[in-house]
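Work through the following exercises with the sequence and the coordinates open side by side. Each task is followed by a solution in steps.

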Amino acid sequence: MSVHKSTIKRVTTHVVQAMKDQGEKIAMLTAYDYSMAKILDAAGIDILLVGDSASNVMAGHETTLPITLEQMIYHAASVVRAAKRSLVVVDLPFGSYQGNSQEALKSAIRIMKESGAHAVKLEGGAEIIESVARILSAGIPVMGHLGLTPQSIYKFGTYTVRAKQAAEAKKLLADAELLATTGCFSLVLEKIPAGLADKVAQTVTIPVIGIGAGAGVDGQVLVMQDMLGITQAFSPRFLRRYANLYNEINTAVQNYIADVKRADFPNREEQY
Ligand code: KIV
């Protein structure tokens, strides 16, 4: 029997593990506000990721680096208030965990306490493993994130596909195994070759969720504004648009402006 939409009232980390074990794909989308999160949750999304991509799509920054812990907590609390069924995972923002493991734990505790979220996500492998272990030891579930890790964009220099070379692929596989054995409940792989992602998903027992990582992984994640066609300029190969809300909203707003200008809105029925 499918775990999805069956008797599951709340998706937990154990439910997503069961999905992997039973071969059921996991559907994850980003969310940053109450109204949209309510729609995604009601539609049956398994995981809502309060991604630090809020820095781009909500605040208009070029990178994910500027968003603060306080801003992430604000977005996360809004999403948590809307999520009746979905598991809510929140990104630890750049600068809130790289210093040392104590700082990382403090940031993770703030997110859990002040937003009511169910888990946190951190970017990186061996270099942050002490922080991952410390957060886990406090009973906070952790999702890993390898491959293209946007918080390190100035180290990479570009947003192109990662781990195409053997050495980087080898390190990524080792990092994935390390995160899994340390106790992460799942792992995001961003923009890496499908063959490598497939190998990681087969090697580790935890669910692997991909974005631009092919079909061989255990689930998929997209940025909500991208898959709904709200953002326009961003169109990487991995992105499938399920709506064109930019055009829909643009037309609706133009119609509203026209109605107001010609004094057609409000009409007799729309007034007191
Ligand atoms: O911040 C984000 O939206 C993410 C996803 C792209 C996985 O980390």
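Helices (H or I, at least four residues) and strands (E, at least two) are DSSP runs, numbered from the N terminus. The model is predicted, so that local features need pLDDT of at least 70 and side-chain atom pairs count only at pLDDT 80 or more, while totals for chains, interfaces and linings use all residues. Residues are numbered from 1 along each chain as its sequence is written, and side-chain values use heavy atoms, with hydrogens and water left out.

**Exercise 1.** Locate the cis peptide bond and place its proline in the chain.

Solution. The bond to find runs from Phe265 to Pro266, with omega near -5 degrees. Pro266 belongs to the segment that follows α11 (245–261).

**Exercise 2.** Find the residue that has a positive phi although it is not a glycine.

Solution. This residue is Ala163, whose phi is about 55 degrees. Ala163 is part of the loop that connects α7 (153–156) with α8 (166–182).

**Exercise 3.** Determine which strands pair with β8 and in what sense.

Solution. Two strands pair if DSSP finds at least two bridges between them. Strand β1 (residues 26–30) is joined to β8 (residues 219–222) in the parallel sense over 4 bridges, and here Met28 stands opposite Val221. Strand β7 (residues 208–211) also runs parallel to β8, with 2 bridges between them, and Gly210 faces Gln220 of β8.

**Exercise 4.** Describe the surroundings of the ligand, beginning with its shell and ending with its polar contacts.

Solution. Counting residues with a heavy atom within 4 Å, the shell includes Thr30, Leu49, Asp91, His145 and Glu190. The shell residues divide into 4 nonpolar, 4 polar and 4 charged (Ala, Val, Leu, Ile, Met, Phe, Trp, Tyr, Cys and Pro count as nonpolar, Asp, Glu, Lys and Arg as charged, and the others, Gly among them, as polar). For polar contacts (pairs of N or O atoms within 3.5 Å), a side-chain atom of Ser53 lies 2.5 Å from a ligand oxygen, while the side chain of Lys121 has an N or O atom 2.9 Å from a ligand oxygen, and that of Asp52 has one at 3.0 Å.

Key: Polar contact = N/O pair within 3.5 Å; in protein donor to acceptor, adjacent residues only side chain to side chain.
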